[in-house]
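I opened the model to look up a surface patch, a helix pair and two loop residues, and I note below what I found for each.

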Amino acid sequence: MLALKFLIKFLGILNRDATPKAIAGGMALGFIIGMTPFTSLHNLIVLGLLIVLRVNFTSGMLAWGVFSGVGYLLDPLSNKIGYWLLTLPGLKATWTGMYNTPVIPWTKFNNTLTLGSLVLSVLLALPVYFILKWAVVQYRVKVMAVIMKWKIVHLIMGSRLFLTYQRFAG
């Protein structure tokens with residue numbers, strides 16, 4: 001039921017409320033959280049950014065849910081990236097120094113999956129942002145414009161039930 005509520009709220013945001021930049025920004029941050037293992041300190045930091053920055057929180061939460069499945073599918077690749085990074089001879093001193101600092105080990109950077117998925121998600125976050133921003137604009141220009149011309153949409157939007165809903169939801 002919560003997922004349906006988020007989806008309905010997201011469709012409302014997509015259709016009228018937020019700017020494409022805010023929607024894509026929220027989704028890019030949600031992408032990072034969804035692609036990485038949940039119990040990591042960096043996810044708390046990204047969630048804080050999702051709350052503090054001028055991005056859409058609902059789109060971030062929806063992206064978190066959607067990209068959690070994608071992240072699970074990409075775990076083998078993330079694991080290989082993390083293993084490669086952790087076993088690079090030139091970075092051994094860096095990893096040792098990070099592990100010996102007070103807070104950094106809470107990030108679980110020494111876990112191959114956590115490190116690999118974080119690096120992969122951060123590298124892909126910017127392209128995801130631009131693709132989603134473009135997709136929101138295209139949706140509003142092409143899809144929403146066509147849907148708003150349908151007679152059934154005008155009937156629903158003119159109904160007393162819908163008008164009552166809008167009055168209480170707004």
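I looked first at the surface, where I45, L49 and L53 make a nonpolar patch of about 260 Å². Patches are made of residues with over 30% relative accessible area and no salt bridge, nonpolar side chains (Val, Leu, Ile, Met, Phe, Trp, Tyr) being joined within 5 Å and like charges within 9 Å. Of these residues, I looked up I45, which lies in helix α3 (residues 41–52).

I note that this is a predicted model, in which local features need pLDDT of at least 70 and side-chain atom pairs count only at pLDDT 80 or more, while totals for chains, interfaces and linings use all residues. Residues are numbered from 1 along each chain as its sequence is written, and side-chain values use heavy atoms, with hydrogens and water left out.

Next I turned to the helix pair: helix α5 (residues 75–86) packs with α7 at an angle of about 100°, their axes being 6 Å apart. That makes α5 roughly perpendicular to α7 (the term covers 65 to 115 degrees). Among the residues that meet (heavy atoms within 4.5 Å) are L77, I81 and L85 in α5 and L113, G116 and L120 in α7.

I then checked K108, which lies in the loop between α6 (92–99) and α7 (112–147) and has a positive phi of about 60° although it is not a glycine. Most residues other than glycine have a negative phi. At 35% relative accessibility K108 counts as partly exposed, the class between buried (under 20%) and exposed (over 50%).

Last, I found T19 in the loop between α1 (2–17) and α2 (20–35); its C-alpha atom is separated by 9.1 Å from that of K133, 114 residues apart along the chain.

Methods:
Accessible areas come from the Shrake-Rupley method with a 1.4 Å probe; for residues, only the protein chains shown count as cover. A salt bridge is a side-chain nitrogen of Lys or Arg within 4 Å of a carboxyl oxygen of Asp or Glu. Helices (H or I, at least four residues) and strands (E, at least two) are DSSP runs, numbered from the N terminus. Buried means under 20% relative accessible area, exposed over 50%, partly exposed in between (1.4 Å probe, protein chains only). Axes are lines fitted to C-alpha atoms, for helices over the stretch in contact, and angles run from 0 to 180 degrees between N-to-C directions. Angles under 35 degrees count as roughly parallel, over 145 as roughly antiparallel, 65 to 115 as roughly perpendicular and the rest as oblique.
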